[in-house]
Each structure stands twice: as structure tokens, then as C-alpha cells.
Amino acid sequence: MTTALQKYYDKINNLKSEEMILNMGPQHPSTHGVLRLELITDGEIIVEVIPHLGYLHRCFEKHCESLTYPQIIPYTDRMDYMASMNNNHAFVMGVERMLGIDKDIPRRVEYIRVLVCELNRIASHLIAIGTYGIDIGAFTPFMWCFRDREHIMNMLEWASGARMLYNYLWVGGLFYDLPVGFEERCKEFIDYFKPKMVELNELLTHNKIFIDRTANVGILPLDVAISYGVSGPMLRASGLKYDLRRVDEYSVYPEIEFDIPVGKGEMGSIGDCWDRYKVRVDEVEQSVKIIEQCLERLTKELKRDKEFDPRAKLPRKCTPKAQDFYVRAENPKGELGFYFMADGKREIPFRVKSRGPSFNNLSVLPEISKGCMIADLIAILGSIDIVLGEVDR
Amino acid sequence: MDFNDLKRLLIEKFGEEIIVSEQQEGLQPSLTIQSERIAEVCLELRDNEKTYFDFLSCLSGVDYGIEQQKIGVVYHLASIPYKKQLTLKVEREFDRNSPTLPSFPTVSNVWRTADWHEREAYDLLGIDFEGHPDLRRILLPDDWEGYPLRKDYKTATEYKGIKIDY
């Protein structure tokens with residue numbers, strides 16, 4: 001037994017008489033998967049949270065060491081399974097840059113990628129918003145969000161053949177072009193979806209009970225957020241305008257107009273649970289804006305063409321030169337990074353490390369939930385919006 | 001501030017010997033730092049007002065292969081105010097069969113996010129981080145034997161009497 005392990009056992013075996021251990025999870029519905037939180041409580045107050053991860057560890061990095069780059073794409077689907085397209089996009093982008101073909105990708109392909117990624121971002125945020133409602137006792141928004149999300153799932157299934165795990169973006173291109181009529185169907189969805197977001201805001205965002213449960217709870221100051229490597233909507237909710245789509249200007253995002261919503265502390269303090277929720281709601285609106293611009297271009301100057309082959313630029317052999325490369329992209333949950341080590345001889349990467357945004361976002365939980373009530377911990381955990389598939393990889 | 005300025009800054013502050021080697025090929029250049037002093041270098045890069053590398057994107061342990069008795073850690077830093085990225089590396093010789101783990105100084109007191117990243121590197125590669133506050137396994141069970149991401153790892157056939165099928 002190592003000294004650190006001994007220290008941990010000493011801690012939980014020698015509690016003060018007023019303290020008690022409470023296990024939350026691994027099968028607790030508000031942990032959004034299999035996460036076990038060991039709470040040291042003093043009555044209703046939390047003294048310490050000790051997260052135990054790994055129930056969903058599927059050895060992603062070990063698998064990568066025996067698979068070729070295109071074969072890894074389906075595995076990335078299963079990391080953040082709420083936003084598989086975005087995972088695909090980050091991975092594919094990294095491999096393309098290592099191969100040096102990132103400038104040759106046809107523009108229609110790039111726009112389709114951004115389109116499906118933003119659709120997936122909306123789907124992911126809808127889950128975050130809906131399940132957040134249900135975590136703190138609002139049932140209706142959950143049903144509404146899932147109803148709307150199902151439209152997106154159906155559309156992406158139509159394009160890729162699978163409902164959640166797509167394997168749609170390939171190194172150098174796409175699995176197939178969008179099916180005929182996709183753009184029109186997508187337009188219809190956007191027209192349908194916009195008023196639904198207004199309804200959702202009326203129902204949940206400005207609901208008195210919801211605000212009472214979330215405002216001024218779990219405040220995450222900006223310096224703590226940065227030190228803990230928190231990224232994505234959580235970092236922006238703490239008041240920093242930092243979005244990798246703008247910082248790195250990857251894909252066709254520089255040509256697209258959208259704003260970066262940040263937390264303003266409207267209902268309480270900057271960086272509280274309500275802010276984190278609100279940033280996601282605002283981001284859905286921005287994603288709708290991006291989708292509209294993509295559709296505009298995909299139906300006009302980059303119109304469907306019989307000659308167009310999304311697989312035309314697929315590399316015959318995916319063997320990058322010997323190098324190390326770290327690629328990062330903005331996922332719905334935050335900065336998704338892949339660190340590749342290629343040896344230049346084989347089609348198999350020497351080492352792949354994935355930096356999951358949920359993993360880092362979750363690591364801040366013990367810090368911000370110290371001293372809060374047990375019921376508030378559910379609100380804080382829900383506002384972090386984790387996916388265990390990515391925490392455990 | 002570009003890569004060469006950074007290098008100069010580090011040499012001025014810590015002396016010539018701080019940079020063991022540098023890799024310029026590929027898309028992202030990187031610096032290999034003297035492994036005992038990585039925490040100081042990181043602290044300086046975080047706090048110096050010309051660099052402000054305040055965000056640790058990623059920390060990865062690397063086993064460099066069975067032929068090479070070498071293990072290392074790669075740090076991907078990002079500077080939010082300057083929108084820059086930097087890759088630092090440390091590496092050292094180690095004996096695969098020795099029960100003492102190869103050790104590097106922890107950077108978890110520079111960036112708190114390194115806490116979990118280092119636990120992961122310890123868990124999967126068996127790297128010891130000196131001064132880490134809570135170096136327990138994070139993804140695997142506490143009583144797991146071996147370090148799966150080491151290149152000489154033999155896949156386990158059973159865990160606590162339960163057979164593992166593939």
C-alpha cells in the first residue's frame with residue numbers, strides 16, 4: 001500500500017464524531033452516469049467531496065496503440081457520446097494537420113462538418129439543460145428538450161446511419177455527402193426550434209424556484225477556474241470570453257459570425273450555477289445562428305453537385321511524419337485535446353493521449369462544493385455537465 | 001513572444017543547462033527541460049508577465065518504447081492573454097523491472113489541474129510525482145497491478161479471481 005492510499009484510509013477511518021460518510025453514486029441519477037462521490041458530511045453540510053472515477057474506463061489510449069488512425073475515429077465517438085461529431089472533428093483535424101492535407105479539404109466538406117458539429121452541440125446542450133432541470137426538480141423541461149433533441153438525432157441518423165455514434169467525419173473528408181433534402185429539413189427544424197427556445201426560457205430560465213436553487217450556488221471564481229483547467233461554457237460562465245473557435249480560428253469558423261456568451265451574474269454572482277446554465281442556453285442560440293449561415297452557403301455557392309465526392313481527398317495511407325502534435329478544439333463541454341506521437345514508420349500512432357474537458361471540469365468539484373449543502377451539490381454537479389464516457393475514457 | 005524568445009528568457013533566468021534539447025521539426029516545436037527543475041520553470045512561465053502561461057491544457061506521461069529505457073512527461077501549456085501555446089518535456093532513464101518508480105517533481109502546486117493529470121500518469125504509466133498531495137490511482141482500482149500504458153505491459157488475465165475475457 002502506498003503512502004497516499006494509507007493517508008486516504010486514515011482520513012475516512014478517523015472522522016470526527018460529528019462527521020459522517022455518505023456515498024453518492026455510482027448509480028445516482030444526478031451523477032449522469034457512473035460516478036461515485038464520497039461525501040464527508042457534518043449534518044447537511046459537506047466537509048469534503050472525494051470523487052472516485054473509472055467505472056467506465058475503456059482503455060481508449062491503450063486501444064489507440066494498436067489501431068490505425070481511421071480506425072480510432074469510432075472510438076472517439078464513445079468518449080463524449082453526447083457530442084460525437086465534435087469528437088470526430090477534433091480528432092480528424094489533428095490527423096489532417098499532421099498529414100499536411102488540412103488546406104486541401106473541400107470547402108463544402110468543411111461547411112458540412114461545421115453544420116453537423118453545431119447540430120450536435122445543440123443536442124448536447126439540450127441534454128445539459130434538460131437534465132439540469134430534472135436534477136433540481138423540474139420535470140417538464142426535460143421532456144421538451146428531449147423532444148427537440150430527437151429531431152436532431154433523426155437528422156444526424158439520416159446523414160450517418162447511426163443515432164448517436166456517427167463515425168461520419170473521416171480523415172480527409174466525409175463518410176457520405178449529406179442526403180438529398182437534408183438542408184431543407186434542417187431549415188424546417190431551425191424554424192421549428194427557435195420559438196421552442198423562447199418557450200423553454202419562459203418555463204425554466206426565469207423561473208423563480210429555479211433561480212432560487214441555482215443563483216449564488218457553487219460560485220466558481222475565474223482564477224480558480226483557470227488554475228483547474230476548466231474550459232468551455234464553465235470557463236465562460238466565470239466571465240472570460242475564451243472560445244477556441246475564435247482563438248484558434250480552425251475550420252471555417254473565421255468566416256462565420258457568432259458571439260461568445262459569457263456569464264454576467266444577472267441573478268447572483270458571476271460564475272454561479274445559474275450563469276453556467278445561462279451560458280449554455282445562449283450558446284444554443286449562437287449555434288442556431290451558425291447553422292443558418294452554413295445552410296445559406298451550402299444551398300448557394302457551395303451547392304450540391306453530382307460530381308462532388310466527399311471521399312476524393314481521403315489519403316490512401318494515413319502515415320504522418322515522425323512528430324508530436326497536440327490538437328485542441330472547442331467541444332460543447334470545453335477544450336477537447338488529442339496529443340499524438342507518430343513515429344513516421346507505421347500507420348499506428350505511438351501514443352495518443354486525450355484530454356477530455358469533462359475530466360478537468362469535474363476536478364474542480366471538490367473545491368467549489370466545500371461547505372455547501374448536500375442538495376446544492378446536485379445543483380453544482382448538474383451545472384458542470386459531465387459525461388462519464390469522457391471522464392473515464 | 002515567439003519560441004526563440006522564450007528559450008532566451010529561460011536561459012537568462014535559469015542558465016544554459018536548463019534546456020537539455022529542443023525539437024524544431026514538426027508543427028509544434030518543444031523544449032526538453034532538466035527534469036529536476038521543471039516545477040521552477042513552470043512557475044516562472046506562469047508568473048512572468050511576458051509569458052503568462054496560466055492554463056495547463058494537457059499533461060501526458062510517455063513511455064518511449066521497450067528498446068529505450070526512457071520515460072517522460074509532456075506538458076502542453078497555453079497562455080490565455082497572449083493566445084500562445086508551448087510544449088515542454090522532461091524525460092529520464094529508468095529501470096523497467098525496478099520496484100522504485102521513476103520520479104519527477106510535481107507541478108500540481110503551479111496549476112491545480114495537474115493534480116488529476118499526474119494521478120492519471122501515475123495510474124497508467126507508473127510515474128511518481130514528488131510532492132504530489134494525493135498520488136492515488138484514479139481510473140483503475142486501487143489494487144490493480146502493473147501500469148497498462150507501459151510498452152512492456154502484459155494484459156491481465158484475471159482480477160480478484162474474476163477471469164477477464166477478450
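The questions below ask how labels in this predicted model follow from its coordinates and records.

The model is predicted: local features need pLDDT of at least 70, side-chain atom pairs count only at pLDDT 80 or more, and totals for chains, interfaces and linings use all residues. Residues are numbered from 1 along each chain as its sequence is written, and chains are lettered from A in the order in which they are written.

Q: Why is A:Ser231 called buried?
A: A residue is buried if 20 or more other C-beta atoms, placed from the backbone, lie within 10 Å of its own; it is exposed if 12 or fewer do, and partly exposed in between. A:Ser231 has 30 other C-beta atoms within 10 Å, so it is buried.

Q: Where is A:Ser231, and what is it in contact with?
A: A:Ser231 sits in the loop between helix H9 (222-227) and helix H10 (233-237) of chain A. Helices are DSSP runs of H or I with at least four residues, strands are runs of E with at least two, and both are numbered from the N terminus. Contact means that two C-beta atoms, placed from the backbone, lie within 7 Å. Leaving aside neighbours within four places in sequence, A:Ser231 is in contact with A:Gly334, A:Glu335, A:Pro357 and A:Asn360. The C-alpha atoms of A:Ser231 and A:Asp243 are separated by 8.6 Å, and these residues are 12 apart along the chain.

Q: Why does B:Ile164 count as exposed?
A: B:Ile164 has 9 C-beta neighbours inside 10 Å, so it counts as exposed. B:Ile164 lies in the segment after strand E9 (162-163) of chain B. Beyond four places in sequence, B:Ile164 is in contact with B:Ala156, B:Thr157, B:Glu158 and B:Tyr159.

Q: What makes A:Cys59 partly exposed?
A: The count for A:Cys59 is 17 C-beta neighbours inside 10 Å, so A:Cys59 is partly exposed. A:Cys59 is in the loop between E3 and helix H2 (60-64) of chain A.

Q: What sets the phi of A:Cys59 and the phi of B:Lys83 apart from the general pattern?
A: Most residues other than glycine have a negative phi. A:Cys59 is not a glycine, and its phi is positive, near 60°. B:Lys83 is not a glycine either, and has a positive phi of about 55°. B:Lys83 is found in the loop between E4 and strand E5 (84-93) of chain B. B:Lys83 has 11 other C-beta atoms within 10 Å, so it is exposed.

Q: How do you know that the largest nonpolar core lies between the two domains of chain A?
A: A nonpolar core is a set of buried Ala, Val, Leu, Ile, Met, Phe, Trp, Tyr and Cys residues joined through C-beta atoms within 7 Å. The largest such core has 139 residues, and A:Leu115, A:Val116, A:Leu119 and A:Ile380 touch the most other members. Helix H5 (residues 107-135) of chain A gives the largest share, 15 residues. Domain 1 (3-52) and domain 2 (60-392) of chain A both give residues to this core, so it lies between them. Beyond four places in sequence, A:Val116 touches A:Met85, A:Leu156, A:Ala159 and A:Tyr168.

Q: What makes 3-52 and 60-392 separate domains of chain A, and how do they meet?
A: The bounds come from an automatic or database domain assignment, which gives domain 1 (3-52) and domain 2 (60-392). The C-alpha centres of these domains of chain A lie 31 Å apart. In chain A, 14 residues of domain 1 are in contact with 18 residues of domain 2. E3(A) gives the largest share of the domain 1 side, five residues.

Q: What makes up the side of chain B that touches chain A?
A: 31 residues of chain B are in contact with 32 residues of chain A. E3(B) gives the most to the chain B side, with six residues. Ala, Val, Leu, Ile, Met, Phe, Trp, Tyr, Cys and Pro count as nonpolar, Asp, Glu, Lys and Arg as charged, and the others, Gly among them, as polar. By these classes the chain B side has 15 nonpolar, eight polar and eight charged residues.

Q: How do you know which residues of chain B carry the domain name "NADH:ubiquinone oxidoreductase 30kDa subunit"?
A: UniProt lists residues 32-157 of chain B under that name, in an unreviewed entry. Such annotations may be inferred rather than shown by experiment. In the model, the span is 17% helix and 29% strand, and its end C-alpha atoms lie 37 Å apart.
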